[in-house]
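Please explain this structure to a reader who is meeting it for the first time. A formal account in running paragraphs would be welcome.

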Amino acid sequence: MTTPTRAVAGIEGKVAIVTGGTRGIGLAIAGALADAGAEVVVSSRSESSCAEAADAIGGRGVACDVQDPAAVERLFQVVTDCQLFVACAGLSSPGLARDLPLSELERMMQVHYTGAVDGARRAAAQMKTLGGGSIVLVTSVWGLGGQPGTLAYGAAKAALAHAVKVLAIEWARDQIRVNGLAPGFIDTDMTSEMPGGVRDKLLSRVPMRRAGTPEEMAGPAVFLLSDAAAYVTGHTLVADGGERAR
């Protein structure tokens, strides 16, 4: 474990798992947690990506495809003392509703919803024996409102936002907090693939008139996981440059 650059109460010394933690928002959150003093385990489907990310932040890497329940189970067999859990694994799936095959709807739910909830439940089981913990499920503003071409992705993220509320209520007495983080338009690999015209149209709706960065999502995530948010649970924090304020 590396020496934290700024120890944070509720983070320092605790074991954190970040799924989807090898790039974009997940990697930024993993790095911020390591800087705050956590022992971070980053996870993604690729063993080489896990190793590279783990080396970059001074943590550990464990490959896991969240679409595979057996792989999620193995992750929590390797890590048995998780007190902080961030579900950030995801991928995009643009397409109009009439063109989407049912298999794509199912795939988005498996990645963004089922995989995240599976991980959260396994993390919570460990947290209960350890006296509590904190969970952040990374959803999206596209799961909070309608946007053409986002049926599969947005529906899965909306389901995840609902899970935040249910899990927070069910696990509160076990001293486990569950919150959501809903990023807006963030510069990541997923958004870089958008045609320029679509990108410009989406950014025109953002009062700050720019895309956010993955690093700007790390601060809200660390806050929600830390003791600074000790009385915050069941809440989805929107970080979107003001888009949802309209």
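Does tyrosine 153 count as buried or exposed, and at what relative accessibility? Tyrosine 153 counts as buried, because its relative accessibility is 11%, which falls under the limit of 20%. The model discussed here is a predicted one.

Tyrosine 153 also takes part in an aromatic pair. A pair of aromatic rings is described by the distance of the centres and the angle of the planes. A search of the whole structure yields two such pairs. In one of them, tryptophan 142 and tyrosine 153 meet edge-to-face, with 6.2 Å from centre to centre and 80° between the planes. Tryptophan 142 belongs to the loop between E5 and helix H5 (151-171), whereas tyrosine 153 belongs to helix H5, so the pair ties together parts that are 11 residues apart in sequence. Tryptophan 142 counts as partly exposed because its relative accessibility is 21%. Phenylalanine 76 and phenylalanine 85 form a tilted aromatic pair, with 6.0 Å between the centres and 55° between the planes. Both phenylalanine 76 and phenylalanine 85 are buried.

The account now turns to the sheet. Strands of a sheet pair through backbone hydrogen bonds, either parallel or antiparallel. Here, seven strands make up an open sheet with parallel pairing, arranged in the order E3-E2-E1-E4-E5-E6-E7. Strand E3 (60-61) and E7 are the edge strands, each of which pairs on one side only. Within the sheet, six bridges join E5 and E6 in the parallel sense. Serine 134 is placed opposite arginine 177 in E6.

Strands E5 and E6 also lead to a pocket. Rolling a probe the size of a water molecule over the atoms shows where empty space is left. The second largest pocket holds about 260 Å³ of space. It is lined by 16 residues, and those closest to its centre are Gly133, Gln175, Ile176, Arg177 and Ala230. Strand E5 (133-138) and strand E6 (176-183) each contribute at least two residues to the lining of this pocket. By character, the lining residues comprise seven nonpolar, six polar and three charged.

Arg177 appears once more in the surroundings of serine 226. Beyond the neighbours within four places in sequence, serine 226 is in contact with Val8, Ala9, Ile11 and Arg177. Serine 226 is located in the loop between helix H8 (214-225) and strand E7 (236-239). Serine 226 counts as buried because its relative accessibility is 2%.

Technical notes:
Residues are numbered from 1 along each chain as its sequence is written. This is a predicted model: local features need pLDDT of at least 70, side-chain atom pairs count only at pLDDT 80 or more; totals for chains, interfaces and linings use all residues. Side-chain values use heavy atoms; hydrogens and water are left out. Helices (H or I, at least four residues) and strands (E, at least two) are DSSP runs, numbered from the N terminus. Buried means under 20% relative accessible area, exposed over 50%, partly exposed in between (1.4 Å probe, protein chains only). Contact means heavy atoms within 4.5 Å. On a 1 Å grid over the protein atoms alone, a cavity is a set of points where a 1.4 Å probe fits but cannot get out, and a pocket is an open set with protein on both sides within 12 Å along at least five of seven lines; lining residues have an atom within 4 Å of a point. Grid points are joined across faces, edges and corners, and a volume is the space filled by probe spheres set on the points. Ala, Val, Leu, Ile, Met, Phe, Trp, Tyr, Cys and Pro count as nonpolar, Asp, Glu, Lys and Arg as charged, and the others, Gly among them, as polar. Rings of Phe, Tyr and Trp (its six-membered ring) pair if their centres lie within 6.5 Å; planes under 30 degrees apart count as stacked, over 60 as edge-to-face and the rest as tilted. Two strands pair if DSSP finds at least two bridges between them.
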